[in-house]
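Okay, let's get going. I'll put the structure up, and then we can walk through it together.

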Amino acid sequence: MSEYIIKNGHVFDPLQGIKGDKKDISIKDGKIVDKVSSSAKVIDAKDKTVMAGAVEIHAHIAGPKVNLGRIYRPEDKLFSCTPTHGMERMGGGASIPTTFKTGYEYAKMGYTTAMEAAMPPLFSRHVHEEIRDTPIIDEGAFPVFGNNWFVMEYLKNHEIENTAAYCAWLLRATKGYAIKIVNPGGTEAWGWGLNCLSIHDPVPYFDITPAEIIKGLIEANEYLGLPHSMHIHPNNLGNPGCYETTLDTLKLAEGFKAKNKFGREQVMHLTHTQFHSYKGTNWGDFESGAKEVTDYLNKNKNITIDTGNVTLDETTTMTADGPFEHHLCGLNHLKWANVDVELETAAGVVPYIYSPNISVCAIQWAIGLEIPLMMKDPMRCYITTDHPNAGPFTRYPRVIKWLMSTKARETQINAFKHKDKVLSQTSIGSLDREISLYELAQMTRAGPAKSLGLSAMCGGLKPGMDADVAVYNFNPDKPVANPDDIETAFSRCAAVFKSGVLVVQNGEIISTGNKRTLWVNAKVNDNPQVMRDISEKFVKFYSMTQNNYEALGHTFVPNPYAVEVDATHA
Amino acid sequence: MTKTITDVVCPFCGTLCDDIEVIVSDDGKKLIEVDNACVIGTEKFLHSQSSDRITRPRMHQDDGSWKEISYDEAVEYTAQMLAKAKKPLMFGWSSTNCEAQSVGNEIAEMSRACCDNTAATCHGTSLIAIQDVGLPSCTLGEIKNRADRIIFWGCNPAHAHPRHMSRYSIFPRGFFTGKGQMSRKLIVVDPRVTDTAKMADIHLQVEQGQDYELLDALRVAFKGEWLPDVVAGIPSEKIREAADVLKSGRFGIIFFGMGVTQSLGKNHNIDEAIAVTKDLNEYTKFSIMPMRGHYNVTGSGEVFAWQFGFPYAVDLTRGFARYNPGDTSTIDLLTRGEIDAMLTIGSDPGAHFPISAVKPIANMPSVCIDPHLTPTSGVSKLHVPVAFNGVETGGNCYRMDNVPIDCRKVVEPPEGMLTDEEFLIKVRDRLKQLKGAA
Amino acid sequence: METVTITMKNAPALYLEADNVSPDAFAGKTAAQIAELSVHEGNTTSTLGKYFEVIGNAGATAADTKIVVKGDVKKVKYLGFKMTAGELVIEGNTDLYVGAWMTGGKILAKGNIEAFAATAMKGGELIVEGNAGNYLGAAYRGDWRGMSGGKILVKGNAGSDIGMYMTGGEIVVNGNIDVHALTHAEGGKLVVKGNAKSKVGGQMVDGNIFILGTIDLMMPGFKYVDTVEQEVAGVKAKFAHFIGDMGERHKKKKGQVIYGNLYTRV
């Protein structure tokens, strides 16, 4: 099959400790290999940066709430659509791209794997249809568990084995990848218009607290030994003072150790940390809680995080934190969409404009950058925008620019209408750290791959791994004349390989490859009680039959990649 | 001998019941009996067995007669028509599966066509309203398990969605609604005394064309402000009474249909109904849901949206997607003489459109893909019968609450018949050749 | 001011999308270059010169350019699209999107125009001597930011959905209007010298509507406050003053709750 050799590039691979050495990368039959024959096609990477394909650990790119966002925002596509050209189908959507555009834009930036952050299990067929229609990149999806009736009933009695059996069943039925928790308990309370703002607020009727749900799911996750840890969007997102709820949530991970065969070391992944690091009591005295949160994270190494950077754009917020979205609509009076999902979860969508002229938005921007600049271990801190919540993923090159250049940060700070407030309410002005390319590789490749339990497969350039490689027009030996050059370089790759197929050349899509859907197949001991509970709830409470819920035929997942987990216990 | 197939999904209306049982002959070629479906659904399955089915494409001749042709010839006519047209329209999509819709999108993109679905004459106005003010909604199981206040506004589920009330909205005993019908209060808003209205605890016989005013009055009543004595034919005391009933519930839902989507006000009616729902969320928990008609019009909207960005009335003529009902929507395109070729699939515009929109179809190259003989097939140049989706072929569909359910194949189609998807794949491949050669 | 006259000589079989007929697109070009500008008929792209006779060179800038459109342009859309300055005169009846997304300059339509004229207008002036269609000065689908500036005058009648989501600017209609006026408005001013039908000011948060003729049916959300004397569009009269929409949310300015205002002549 196809042989390639990427010659003379500056390689950054944290998996092998390569920090910019000039090295050739050889590709054969879809894998990285030690060497190739002389007939290998040559990709000239002289004066360029070479990394493994990037791994997106959390974005909302496929599924019912994403599409609801598309349907209800025609103005998101006004005058900004791209026509059919070359290998590309037409695309559109500034904050919520269509599925084809999503695949192309990720690939052009060197991303080769992406995780859909929240899949409502009842809608898994929809999520997989969109994943199937997103070209090039491998994808997985995280079903949500934190407001699930089965989970709450089992965990009220601390039945870990039953919880684990149910989780394994649901991952298989929905072809899901990991245990995701969004606003635990609060989104079930939202079924009655209520919420849980602290980890000790009991869920109406189910009489269990978010703390119990969170701890129980950590235990279930480790009981199963899944490749990823539980992945959590804590209670009280986005409210001034919420950093305390965040610390309460993080503390629940104390004492737990990761149990798995995938190299994963964390038991909790905290997502879009920026939204959970607010101090103050109201929007007037709003300030950054990044220091408190990162101090804790620096000391407690069994947790990984992603940032959730604000990009200062008009965007669309969408999350399974239904009550939060209703609250946001009360603040900005923009159109609010909501879907409560029987027995499982909810979702909300509201447009939002992060204006540089509004001090709150500017402070949010600063917090998003403080976090990665104050996190000591780049292998535990990953770059995201919680797309599209804090900004579109197409802004990653801009976030990278801000992280790699204090000058770029200063330019932005000086452009804020309320610069003084940004400097007084956050410590962004005093942070002069500039992320290196090696650290960038840790934060966008090696780190997320390890957290997801995929480090044998992607996120690195070790022979035997999938040949997912990105070549950037960025010369590490040349000092950066203009920080905007960083953004340009990381926006369009010189070349991108996905599973050994050259998909991007000179910033253009030249092949759409053969993307895979990653999912986790955890085998557990037979559990007749859980199976009976499942069939009973389908008969009595679901609006669909169990056989139809489990129907996920070939058309939905045409190219599956199952990560097998033996979770049977003696 | 026979076999019973369970968990069958009924491919007729947006209720998308998935508990149907179908009994077929052992060889899978004859459909014998249908259980659990309503009268309409039962007929949908059984009528596929008619002995007078058209099983091959037919071309309209100049003298008005029809000549049978092969599927390959039909593919050629369709591909040539789309390749040559300056502004073709591909309409319908609501009674076929998402897999076929997706192939249709490839064809539309290649031929730079306009594409639209039956929302154009149905819940398109709801989509416009949702685009303006959002949509607080839920899945049908939430109604079953939680709802104690049900409103049917401008719809008559007793006739149009017969099992809706028994499966989801009025009768079921759900997790928090153990008393079933007794735990719910029903308000019906309809100028007519329909069979649904006869079941209501409160029937507001709204003056025709004044739903927008009545909805505004409800919002005013929530705030306790002044109201005129009568609004939309309803005394203000009754409006305040209804407002209190709604506020006093713990989980409410407004279901609505053509009575408000296609009467005076259109999208504004829905806009205001969504505003009522939003307002009620200040006092209790409320949702709103459109009663989608065709069983997969929702799916067509979803597939258009994730592939092109808009749920209906999509114009691809410039090589990228544009949207503006009134300009890019089907009735306007037809009545204004904007298009020069028409492909209809999975719908019957000939039966539902104003005659001024149907006449142009007869005067241009046109294809109708439909198992039935319909007014649309009657005015089209080419009629391509296909297998019944959801009966003779499976495929994914989306329910009125956007929940995806994969339909099942229960019986074989007549010998040699293609499915929508198979026919469209052939058209796509032929069109690719024609465009490549150009 | 330089004048370019384009005259329809080759009518399209379908409809023409003439987004390039604006002072901005013409500026700095000769007649020959203007004739080369692209124009679309369905999915085919052609040049302006294939359909129109083009006489005269444009000015150096949009502000220095005047365009006169002659002949049958009933099937031509987007005349004056996104213009920022200069002048456009349309002699006959024309189709959709006249002056859509314009931010400046002057358009004079001597005949009738169809729907979606002056979509999301930000500035400039549109005068229609005949009738206007639906959605005059309205927002694009889904956008809560509608017409925010500029002036529209329709000497004939206008259609439905006038000024939807308006936030600023002024619309005057000498004739009658159809249903739904200034729905969802958060500013702006509408004067109708003729009659309105119903659903006037629905869901309005702010803004001013003056109806000098009759309204068939008032929205229940409008509450009578007082009777005032006002002069609008050259007419001095007594008006019954209503505030509303009382069913909608209300904004506060300097601690005071503000409402939309609807004035009907007594």
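So, C:Asp245 sits in the loop between β18 (235–244) and β19 (251–253) of chain C. The peptide bond leading into it, from C:Gly244 to C:Asp245, is cis, with omega near -5°. Keep in mind that this is a predicted model. There's a cis bond in chain A as well: A:His387 and A:Pro388 are joined by one, with omega at about -5°. A:Pro388 is in a loop too, the one between β18 (381–382) and α12 (396–404) of chain A. I flag these since most peptide bonds are trans, and most residues other than glycine have a negative phi.

That brings me to the phi values. C:Lys82 has a positive phi, near 55°, and is not a glycine. You'll find C:Lys82 in the loop between β7 (76–77) and β8 (87–90) of chain C. C:Ala118 is another non-glycine residue with a positive phi, near 55°, and its loop runs between β9 (106–109) and β10 (125–128) of chain C. Now, buried or partly exposed: which is C:Lys82? It counts as partly exposed, because it has 16 C-beta neighbours inside 10 Å. C:Ala118, on the other hand, has 31 other C-beta atoms within 10 Å, so it is buried.

While we're on chain C, let's zoom out. It has 3 helices and 21 strands. Its radius of gyration is 20 Å, close to the 18 Å the globule rule gives for 266 residues, so chain C is as compact as a globular protein of that length. Along the principal axes, its C-alpha trace spans about 60 × 35 × 35 Å. Buried residues come to 58% of the 266. And if you take contacts in chain C between residues at least 6 apart in sequence, 40% of them join residues at least 24 apart.

Chain A next. Here we get 18 helices and 24 strands. A compact globule of 570 residues would have a radius of gyration near 25 Å, and chain A has 22 Å, which agrees. The C-alpha trace of chain A spans about 65 × 55 × 50 Å along its principal axes, and 64% of its 570 residues are buried. Of the chain A contacts with a separation of 6 or more, 77% come from residues 24 or more positions apart.

What about the packing inside? The largest nonpolar core has 324 residues, and among those with the most contacts inside it are A:Val469, A:Leu224, B:Ala273 and B:Val314. Take A:Val469: beyond its neighbours within four places in sequence, its contacts include A:Ile6, A:Ile25, A:Val50 and A:Phe497. There's a second, separate core of 88 residues, which includes C:Ile6, C:Tyr15, C:Phe81 and C:Ala100.

Okay, interfaces. How many residues does each chain bring to the contact between A and B? Chain B gives 53 and chain A gives 48. On the chain B side, the elements that give two or more residues include α3 (98–111), β8 (134–138) and α12 (297–308). That side divides into 23 nonpolar, 16 polar and 14 charged residues.

β8(B) is worth a stop. Strand β16 of chain A, residues 336–341, runs parallel to β8(B), and 5 bridges join them. In that pairing, A:Val339 stands opposite B:Ser137. B:Pro136 is in β8 of chain B as well, and it is buried because 26 other C-beta atoms lie within 10 Å. Its contacts outside the local stretch include A:Trp336 and A:Asn338, along with B:Phe286 and B:Ile288.

As for α3(B), 13 of its 14 residues are buried. Its 14 residues should span 20 Å at 1.5 Å a residue, and the end C-alpha atoms are 20 Å apart, which agrees. Right after α3(B) comes B:Arg112, with a positive phi near 50°.

Chain B also touches chain C: that contact takes 31 residues from chain B and 28 from chain C. The chain C side splits into 11 nonpolar, 12 polar and 5 charged.

Last stop, the sheet in chain B. It's an open sheet of 9 strands with mixed pairing, in the order β5-β4-β20-β19-β18-β6-β7-β16-β17. The edge strands are β5 (66–68) and β17 (322–323), each pairing on one side only. Within the sheet, β18 (341–345) and β19 (366–369) of chain B run parallel, joined by 4 bridges, and B:Ile345 stands opposite B:Ile369.

How values were computed: Residues are numbered from 1 along each chain as its sequence is written. Chains are lettered from A and ligands numbered from 1 in the order in which they are written. This is a predicted model: local features need pLDDT of at least 70, side-chain atom pairs count only at pLDDT 80 or more; totals for chains, interfaces and linings use all residues. Two residues are in contact if their C-beta atoms, placed from the backbone, lie within 7 Å. Ala, Val, Leu, Ile, Met, Phe, Trp, Tyr, Cys and Pro count as nonpolar, Asp, Glu, Lys and Arg as charged, and the others, Gly among them, as polar. Two strands pair if DSSP finds at least two bridges between them. The expected span of a helix is 1.5 Å times one less than its number of residues. A residue is buried if 20 or more other C-beta atoms lie within 10 Å of its own, exposed if 12 or fewer, and partly exposed in between; C-beta atoms are placed from the backbone. The radius of gyration is taken over C-alpha atoms; the globule rule is 2.2 Å times the number of residues to the power 0.38. A nonpolar core is a set of buried Ala, Val, Leu, Ile, Met, Phe, Trp, Tyr and Cys residues joined through C-beta atoms within 7 Å.
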